[in-house]
Amino acid sequence: MEEYLPLIIQLISGALGGNLAAKLLPKLNLGTLGNSISGILGGGLGGYVLGALGLGTDGGMDAAGILGSVAGGGVGGGIIMAIIGAIKNAMSK
């Protein structure tokens, strides 16, 4: 179970990051469910990209590992939500 905990933290922080980005960028808002789903996707991708670049955590549950998972997930969630929101707005015009 401990090996999946960083991923779970990234997914949850991704959902939070997606909803926070929607509050900051209301024109890109996808609704609460859409923000959460795109944020979860972004959180998983953000953690994967950080790991691939060698910047991710080693899966440890120390303070640095948890903060790295939260930061990677939250930022990834916000970025993916903004990208999907921008694409949705461009397609609706």
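A crossing of two helices is called left-handed if the near helix is turned anticlockwise from the far one by less than a right angle, and right-handed if the turn is clockwise. With that convention in hand, one can look at this structure, which is a predicted model, and begin with the pair formed by α2 and α3, where α2 passes α3 in a right-handed crossing.

## How the helices pack

Three helices take part in the packing described here, and each pair can be followed in turn. Helix α1 covers residues 5-24, helix α2 covers residues 31-52, and helix α3 covers residues 63-91. The axes of α2 and α3 are 6 Å apart, and these two helices pack at an angle of about 125°. Because angles over 145 degrees count as roughly antiparallel and those from 65 to 115 as roughly perpendicular, with the rest above 35 degrees being oblique, α2 and α3 are described as oblique to each other.

For α1 and α2, the axes come within 6 Å and cross at roughly 130°, so this pair is oblique as well. Seen in terms of handedness, α1 passes α2 in a right-handed crossing.

The remaining pair joins α1 to α3, whose axes lie 6 Å apart and whose packing angle is about 40°. That angle makes α1 oblique to α3, and the crossing of these two helices is again right-handed.

## A nonpolar patch on the surface

Which residues form a nonpolar patch on the surface? The patch is made of Met1, Tyr4, Leu5, Leu7, Ile8, Ile12 and Leu16, which together have about 710 Å² of accessible area. One of these residues, Leu7, lies in helix α1, and because its relative accessibility is 39%, Leu7 counts as partly exposed.

## Four residues and their surroundings

The table sets Leu7 beside three other residues, giving for each its place in the structure and its relative accessibility.

| Residue | Place | Relative accessibility |
|---|---|---|
| Leu7 | helix α1 | 39%, partly exposed |
| Asn29 | loop between α1 and α2 | 36%, partly exposed |
| Ala64 | helix α3 | 53%, exposed |
| Val70 | helix α3 | 37%, partly exposed |

Is Ala64 buried or exposed? Since exposed means over 50% relative accessible area, Ala64 counts as exposed at 53%, whereas Val70, which is placed in the helix α3, is partly exposed at 37%.

It is also instructive to set separation along the chain beside separation in space. Val70 and Ile9 are 61 residues apart along the chain, and their C-alpha atoms are separated by 6.3 Å. Ala64 and Met1, in turn, are 63 residues apart in sequence and 19 Å apart in space, C-alpha to C-alpha.

In the loop between α1 and α2 one finds Asn29, which is partly exposed. The C-alpha atoms of Asn29 and Gly18 are separated by 9.2 Å, while the two residues are 11 residues apart along the chain.

Note on methods:
Residues numbered from 1 in each chain as written. Predicted model: local features only at pLDDT ≥ 70, side-chain atom pairs only at ≥ 80, totals over all residues. Heavy atoms only, no water. Patch = residues over 30% accessible without salt bridge, like charges linked within 9 Å, V, L, I, M, F, W, Y side chains within 5 Å. Areas by Shrake-Rupley, 256 points an atom, 1.4 Å probe, with all protein chains shown as cover. Salt bridge = Lys/Arg side-chain N within 4 Å of Asp/Glu carboxyl O. Helix = DSSP H or I, 4+ residues; strand = E, 2+ residues; numbered from the N terminus. Buried < 20%, exposed > 50% of the residue type's maximum accessible area, 1.4 Å probe, protein only. Axes fitted to C-alpha atoms, helices over the stretch in contact; angles between N-to-C directions.
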